[in-house]
Amino acid sequence: MKKKSILIFVKNKSILTFLESFFKRSRKYRRLNCDSAGTLLDVLSTNSPAALITETALLPLVAGQTGEAPVITVIGGNRENGIEASIDYKADLYIHRPFLDKDLAHKLHMIVGLKETNIALKQEVQHLQTINDLTQLISSTRDPQEILFRIVRKIADIMPVSRCSIIRIDWLHKYAYVVASFETPHLTAIKLSLKKYPEIEEALLSMKPVIVKDIMSDPLMTSVRDAVSPLGIRSILVMPVIFEAKVIGTLFLRTSRTEHEFSEYEIRLLKTISDASANTLHNAFLFTRIEDEKTRLEKLAITDYLTGIYNIRYFYHRLIEEFSRSERYAIPISCIMIDIDFFKKINDSYGHKTGDAVLKEFAQVLKKHVRKSDVLARYGGEEFIVVLPQTAAGGAIAEAERIRSAVKNHKFKSMKNQISVSVGVATFPSPRITTYDELISISDDALYEAKKSGRDRVVIFN
């Protein structure tokens, strides 16, 4: 059992002799001698002794400066005067002659026990206050990301950690995602391989807290010690967050303070926080998954399944918007229709699988050579279409020629032969165009003319 430290500030020789004899035999306490009030105050500022023992004559030198250390006065002279001085200077307890080991042991047991009880009560109050604060924090917003950040920030406020994160677990793919970190308020999910975090894996498998007191000696960290040790990390605590008997995430804490290990109180507090936050975290993770799935479905709804560029449905939606803007503000708009020359021969000669690969690569070539403001889509089969907002005939022809040249000079991975394209261009305003449908129709007519007149060329109709 680790002995508790008792500070001794005594100059009376007979009292010192008694104390030396007492501590020599004691199995519970060890003494730390201070020869001056200055030394005593220095020790008190850097340590937290279980108690202080001093004599009546020295009380005026230390009264009101002992912090949370309880004080026992040893009365060596007149008993009545000594008791009065002890009361005046607010000593917690006192002993007097004849000095007895049992008396001092009993007084130390009482005063140290009382101090520990007070510390425990203060921690419990802080514990409850933290949970209350956290409950109010997470109930005052509906933003899942903000809720997660508030949890880790609150933990970092009350614990000396260098990192505090919430990690969401992807059981299917064996990955984890850092979804909140107190160092980065607007963090987006950072992907982690669980193989590189054995402490997280262990917490997931055991469904219990994992405490690594020292990464340099803990066998759990053997496989990653070389990678982690340069970071200056001393200890790690992983607290699983369990919802309906399943680990949905973890509270992941690291400390780089060499003198700090996670205390039993901190571990208990984190367990309470994880339990209190489980439902909130579950809802936040569920909301995130729903939003991700919603985004994925929205993207699928506007994306061509084969080429990955916009589909014709989304193209028409954007074309109607841009054509209406063009009419309202009298600004030009152009449309480019592109068709791969002799694409049927590619399918016949190389097969449809190769044809699909060519279409995919072709779409990426187009995407690379159109502007960010343009809307590129697959029109159908081997035909592609581009709407060019705020672009007159000259700019549209220049872009069409750039596309035609880029395709002709591109070496496709799926086949040896080069590919050429025919391109039709139409621009509004034009006497022949009054609607967005006519803009497409005229560009299609121009494409037909390009193919009829020899292919591998650009034709514009106004």
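**Exercise 1. Charges over a ring**

Find which charged end sits over the ring of Phe342, and at what distance from its centre.

*Solution.* Start with Lys345 in this predicted model. Its charged end lies over the Phe342 ring, 4.8 Å from the centre. Then check Arg455. Its charged end also sits over the ring of Phe342, 4.4 Å from the centre.

**Exercise 2. Aromatic rings**

State how many aromatic pairs the structure holds, and which residues form one aromatic cluster with Phe18.

*Solution.* The count of aromatic pairs is eight. Next, the cluster: Phe18 is joined by Phe22, Phe23 and Phe99.

**Exercise 3. The setting of Tyr436**

Locate Tyr436, classify its accessibility and list its contacts beyond four places in sequence.

*Solution.* Tyr436 belongs to helix α14, residues 436–452. Its relative accessibility is 26%. Buried would need under 20%, exposed over 50%. Tyr436 therefore counts as partly exposed. Beyond its sequence neighbours, Tyr436 contacts Tyr316, Leu319, Ile320 and Phe323. Take Leu319: 117 residues separate it from Tyr436 along the chain, yet their C-alpha atoms are 7.0 Å apart.

**Exercise 4. The open sheet**

Give the strand order of the five-stranded sheet, explain why β2 and β5 each have one side without a neighbour, and place helix α2.

*Solution.* The order is β2-β1-β3-β4-β5, with parallel pairing. β2 (29–33) and β5 (93–96) are at the edges; each has a single partner strand, so one side stays without a neighbour in the sheet. On average, neighbouring strands are turned by 25° against each other, direction ignored. Now zoom in on β3 (residues 51–55) and β4 (residues 71–75): four bridges join them. Leu52 has Val71 in β4 as its bridge partner. Finally, helix α2 (residues 37–46) packs on the sheet and touches β1 (4–9) and β3. The directions of α2 and β1 make about 160°.

Note on methods: Residues numbered from 1 in each chain as written. Predicted model: local features only at pLDDT ≥ 70, side-chain atom pairs only at ≥ 80, totals over all residues. Heavy atoms only, no water. Helix = DSSP H or I, 4+ residues; strand = E, 2+ residues; numbered from the N terminus. Buried < 20%, exposed > 50% of the residue type's maximum accessible area, 1.4 Å probe, protein only. Contact = heavy atoms within 4.5 Å. Phe/Tyr/Trp six-rings, centres within 6.5 Å; stacked < 30°, edge-to-face > 60°. Lys NZ or Arg CZ within 6 Å of the ring centre and 35° of its normal. Pairing = 2+ DSSP bridges. Axes fitted to C-alpha atoms, helices over the stretch in contact; angles between N-to-C directions.
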